[in-house]
Amino acid sequence: MKHSDAAPLPAGDFSQWLRDMRAALGGRGGMDVACGNCRGCCTSSYYVKVRANETAALERIGVANLEPGPPGDPGSRLLGFQPGGHCRMLVGRECSIYPDRPETCRSYDCRVYAAAEMNAGEGRTEINERVARWRFSFPAAEDQMEQRAVAAAARYLRQHPVRFAGGHVPSRPSEIAVLAVKAYRVFLDPPADDATIRASLVQAVADFEA
Ligand code: SF4
């Protein structure tokens with residue numbers, strides 16, 4: 001039987017995925033995502049951060065395609081996109097520097113939106129179609145508890161302006177979903193008052209990044 005483009009896709013056991021995702025965000029390995037023919041993350045007007053120590057990626061991309069890094073991380077560079085939103089390294093539907101692609105691309109995993117019960121934002125149709133298809137498995141009570149905590153953290157961050165290091169208040173869907181993965185433990189047993197929740201989120205992210 002032929003699967004339609006909207007057919008559900010297995011996303012794996014939730015708690016195992018969460019451990020792998022947290023390791024990838026901590027720079028300890030990439031994610032193995034069943035992208036199939038989806039190129040959503042390469043065609044959705046994302047700036048790709050390239051760290052200063054990613055010499056092979058920086059060399060392959062070339063200075064002409066790189067822009068200054070984000071505030072707070074001046075050593076890194078940003079790989080931009082072409083008019084229409086396609087990454088400058090995408091040729092046809094293939095990454096032209098795949099073996100040397102940046103860490104940002106290796107750790108990108110759109111299942112993070114499914115985990116956080118949100119989408120990638122307006123205009124990111126190809127990613128959102130894929131996000132809607134992911135189905136996690138919950139073989140143990142822990143899987144369910146952890147997914148609920150990730151979703152609750154993301155919901156809180158969407159509804160409350162929380163000021164993180166450097167005074168930044170996250171608002172982009174990608175940063176909110178990633179922060180929810182970093183700080184989900186706050187919502188396993190959330191404090192009763194807002195001030196403590198905010199402080200706990202900031203501390204949890206600082207601890208993760210330390
Ligand atoms: S560098 Fe390659 S993998 Fe990364 S966004 Fe660009 S085309 Fe996609």
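The legends below describe close-up views of a predicted model. Local features require pLDDT of at least 70 and side-chain atom pairs count only at pLDDT 80 or more, while totals for chains, interfaces and linings use all residues. Residues are numbered from 1 along each chain as its sequence is written.

**View A. Surroundings of the ligand.** The shell around the ligand consists of C41, C42, V48, C87, M89, L90, C95, I97, R101 and C105, each with its C-beta atom, placed from the backbone, within 6 Å of the ligand. Nine of these residues are nonpolar, none is polar and one is charged (Ala, Val, Leu, Ile, Met, Phe, Trp, Tyr, Cys and Pro count as nonpolar, Asp, Glu, Lys and Arg as charged, and the others, Gly among them, as polar).

**View B. Helix 1 and its buried face.** Helix 1, a DSSP run of H or I with at least four residues, numbered from the N terminus, has twelve residues. From first to last C-alpha it reaches 16 Å, close to the 16 Å expected at 1.5 Å a residue (1.5 Å times one less than the number of residues). F14, S15, W17, L18 and M21 are its buried residues, buried meaning that 20 or more other C-beta atoms, placed from the backbone, lie within 10 Å of a residue's own. Seen down the helix axis, the buried residues of helix 1 fall within an arc of 155°, so they line one face; the arc is that of the directions from the axis to the C-beta atoms.

**View C. The residue after helix 1.** G27, just after helix 1, takes a positive phi of about 80°.

Terms used: Helix = DSSP H or I, 4+ residues; strand = E, 2+ residues; numbered from the N terminus. Buried ≥ 20, exposed ≤ 12 C-beta atoms within 10 Å, placed from the backbone.
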